[in-house]
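User: Please take a close look at how the helices pack in this model, and set that packing in the context of the core and of the relation between the chains.

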Number of protein chains: 2
Amino acid sequence: MERILATYRITASESESRVRAEALAAEQSVEMPVSAIDDDRVLRDTVATVESIRPHADHFDVTLAIAASTTGMEVSQLANMLFGNCSLQPEIELIDVVFPAGYEKSFPGPRFGIEGIRDATGVTGRALTCTALKPQGSTVEHLARLAKTFALAGIDVIKDDHGIADQAPHPFARRVPAVQKAIDEANRETGGRTIYAPTFSGSGAALASQAKVASDHGVRVALVAPMLVGLPAFVELRSKLDVPVMAHPAFAGAVRIAPPVLLGTLFRMLGADATIFPNHGGRFSFSRETCMAIAKNARAPWSDLKAVLPVPAGGMTVERVGEMLSGYGPDTMLLIGGGLLSAKDRLAERSREFVRAVRGTA
Amino acid sequence: MERILATYRITASESESRVRAEALAAEQSVEMPVSAIDDDRVLRDTVATVESIRPHADHFDVTLAIAASTTGMEVSQLANMLFGNCSLQPEIELIDVVFPAGYEKSFPGPRFGIEGIRDATGVTGRALTCTALKPQGSTVEHLARLAKTFALAGIDVIKDDHGIADQAPHPFARRVPAVQKAIDEANRETGGRTIYAPTFSGSGAALASQAKVASDHGVRVALVAPMLVGLPAFVELRSKLDVPVMAHPAFAGAVRIAPPVLLGTLFRMLGADATIFPNHGGRFSFSRETCMAIAKNARAPWSDLKAVLPVPAGGMTVERVGEMLSGYGPDTMLLIGGGLLSAKDRLAERSREFVRAVRGTA
């Protein structure tokens with residue numbers, strides 16, 4: 001039977017480690033005392049096993065082998081088997097997951113990946129630039145004007161702020177055509193190929209209707225927070241969209257799953273083409289090591305799955321472009337939102353500085 | 001403008017508290033420097049405000065007033081505004097949420113509530129009993145036999161283990177009719193009204209198809225983990241089901257959104273009729289205070305919303321029934337799963353002991 005290797009960090013004393021590891025193996029599979037199971041087939045094929053226990057100073061790491069069949073090859077049940085009940089045990093974190101060969105074939109995977117995003121924007125041989133339309137609550141006209149300013153400055157991808165969803169001041173069905181039109185106009189002026197990533201949100205029915213609006217108006221990339229819409233809805237939406245999908249990490253920290261696993265490995269398997277994450281040294285506390293591990297899981301060879309574009313963000317500035325490029329390399333998209341908008345009257349100029357810095361023409 | 005009062009616990013020094021509070025207010029609304037916003041309407045209607053800062057020994061509690069309009073009256077965006085980006089800041093927990101009067105009307109709320117579950121089971125004047133079919137990986141025939149044993153013993157609600165989803169050994173479409181039939185047979189023998197709560201899981205399409213199967217076979221209650229299927233899918237499923245819904249806490253990662261908020265308040269507003277949570281003193285580390293607060297949020301008067309049945313679970317035993325009843329009172333359902341199954345050959349007897357203990361006929 002194929003097994004998923006899931007590694008958990010348990011903050012507890014080493015003397016407890018064997019008992020805790022066995023308890024976790026039961027919790028994340030049969031959820032009952034193993035001694036009360038009579039069915040040999042269940043004992044062999046269903047109960048998770050403890051593969052290793054590695055003690056550290058104040059915690060230990062346990063690797064379980066979880067039967068792939070228990071996940072039903074479906075994402076809600078995969079999340080359940082990886083971190084369902086033990087998410088309620090605050091001393092336990094999920095720090096690594098390795099799937100058996102071929103497991104990923106049951107999931108969409110990135111349909112476009114880095115190359116698809118390069119095709120959509122016409123960008124080769126360098127990192128991409130990205131910014132965000134903000135703040136929510138603005139008029140649609142203001143957001144469209146901002147988008148035009150950014151597009152004229154040559155930014156490659158303009159995304160909605162993740163907080164701009166389908167609210168009254170800027171409903172999806174009115175905002176998306178207006179912003180896309182403003183960007184199309186700018187592209188005609190510059191000969192550029194800036195693309196617009198509107199935020200998809202809400203129920204399955206809402207997502208389907210938003211996909212229709214986006215398609216009708218020539219939208220060429222989408223922004224979705226998988227943990228907000230729900231992982232199964234993210235997978236369903238993926239199949240409804242003919243354009244690359246950027247995954248946003250909102251609500252992803254509500255569970256204690258290591259960011260390289262959730263934002264790197266899992267979002268990739270579920271179909272993200274780009275993954276946004278808070279860069280080290282910004283408003284969030286992700287370490288450089290965590291950020292590099294996310295980028296690695298996004299891009300490293302993995303069966304037939306396309307590579308995913310890492311998008312470091314979260315309090316970044318134009319001044320950090322050089323350092324970010326040397327850290328992440330060219331198969332990266334740099335996202336600066338508030339750091340451009342804070343230039344206010346100098347927004348167009350600051351945007352051009354960002355573009356030049358990334359193009360190496362500063 | 002109506003405001004949602006959201007209280008966050010920030011583990012940081014008091015000297016930082018004002019700066020951190022203002023930063024959080026921006027993060028959870030406009031997500032950009034407030035000083036860079038020119039639109040007076042946005043400043044007035046959209047930016048979250050700091051209502052209070054309460055210092056404690058090693059942390060401080062900040063209450064933000066978040067504009068209800070920013071949530072678009074929709075659950076994925078509500079989760080985003082409450083805990084989207086700040087979920088990625090590990091020093092921040094969401095510990096309380098108070099909605100403005102009438103806000104709840106945009107969400108389904110419990111359709112049946114405690115009274116509806118009492119109607120479905122015919123139980124009045126006492127707490128209800130619940131157990132779980134386990135382990136996953138068993139044959140459908142084994143699960144049906146178990147269900148019949150439990151139903152003959154007089155248990156009120158028999159739910160699937162939350163790990164029993166739609167996997168190969170027991171696909172929903174084959175398991176649910178078989179288990180429901182076994183319980184119907186037992187009910188005819190005893191004159192009882194035991195009901196069966198199968199686990200709903202997967203994508204929106206899968207949930208809709210499962211709802212159809214359940215309805216076709218006379219299923220009278222459902223089990224769903226809102227955080228696994230996704231909050232929007234939970235709301236959509238609620239509207240497709242004519243029976244009470246029990247919410248399971250899997251993947252709720254409760255340490256960073258306080259369990260009384262997520263499993264009590266939010267699950268109630270979204271339409272749960274019963275809410276399962278790990279009782280204190282079992283396999284999980286929820287405190288007695290946390291458990292009582294969940295029960296309070298589930299049952300306390302709240303506009304027109306029906307009261308929700310608290311279901312303490314997680315490593316409970318028949319020996320604890322008296323203590324649980326005195327703690328939670330009669331508008332409660334006690335869930336013992338593994339604690340019955342570990343009796344093995346004495347399963348029927350142990351199940352009857354559980355039923356007698358709750359009925360006060362022991």
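Analyst: What follows starts with the helix pairs and then turns to the core and the two copies.

This is a predicted model, in which local features need pLDDT of at least 70, side-chain atom pairs count only at pLDDT 80 or more, and totals for chains, interfaces and linings use all residues. Residues are numbered from 1 along each chain as its sequence is written, chains are lettered from A and ligands numbered from 1 in the order in which they are written, and side-chain values use heavy atoms, without hydrogens and water.

Two packed helices are described by the angle between their axes and the distance between the axes. Here helices (H or I, at least four residues) and strands (E, at least two) are DSSP runs numbered from the N terminus. Axes are lines fitted to C-alpha atoms, for helices over the stretch in contact, and angles run from 0 to 180 degrees between N-to-C directions.

In chain B, helix H7 (residues 204-216) packs against helix H9 (residues 231-240) at about 25°, the axes being 10 Å apart. H7(B) and H9(B) are therefore roughly parallel (under 35 degrees; over 145 is roughly antiparallel, 65 to 115 roughly perpendicular, and the rest oblique). Leu207(B), Ala208(B) and Ala211(B) of H7(B) make the contact with Ala233(B), Leu237(B) and Lys240(B) of H9(B), contact meaning heavy atoms within 4.5 Å.

In chain A, helix H5 (residues 140-152) and helix H14 (residues 347-359) pack at about 40°, with 8 Å between their axes. That angle makes H5(A) oblique to H14(A). From H5(A), Leu146(A), Thr149(A) and Phe150(A) meet Leu347(A), Ala348(A) and Ser351(A) of H14(A).

The largest nonpolar core has 212 residues, and those with the most contacts inside it are Tyr8(A), Phe200(A), Tyr8(B) and Phe200(B). Such a core is a set of buried Ala, Val, Leu, Ile, Met, Phe, Trp, Tyr and Cys residues joined through side-chain atoms within 4.5 Å; buried means under 20% relative accessible area, exposed over 50%, and partly exposed in between (1.4 Å probe, protein chains only). Leaving aside neighbours within four places in sequence, the contacts of Phe200(A) include Phe172(A), Leu207(A), Ala211(A), Leu237(A) and Leu241(A).

Chain B is superposed on chain A by a rotation of 180° with 0.0 Å of shift along its axis (RMSD 0.1 Å), by least squares on the C-alpha atoms of residues with pLDDT of at least 70 in both. That is the relation of a two-fold axis. Gly230(B) comes closest to the rotation axis of the residues of chain B, at 1.9 Å (C-alpha). The copies meet through the same surface, because 100% of the interface residues of chain B are also interface residues in chain A.
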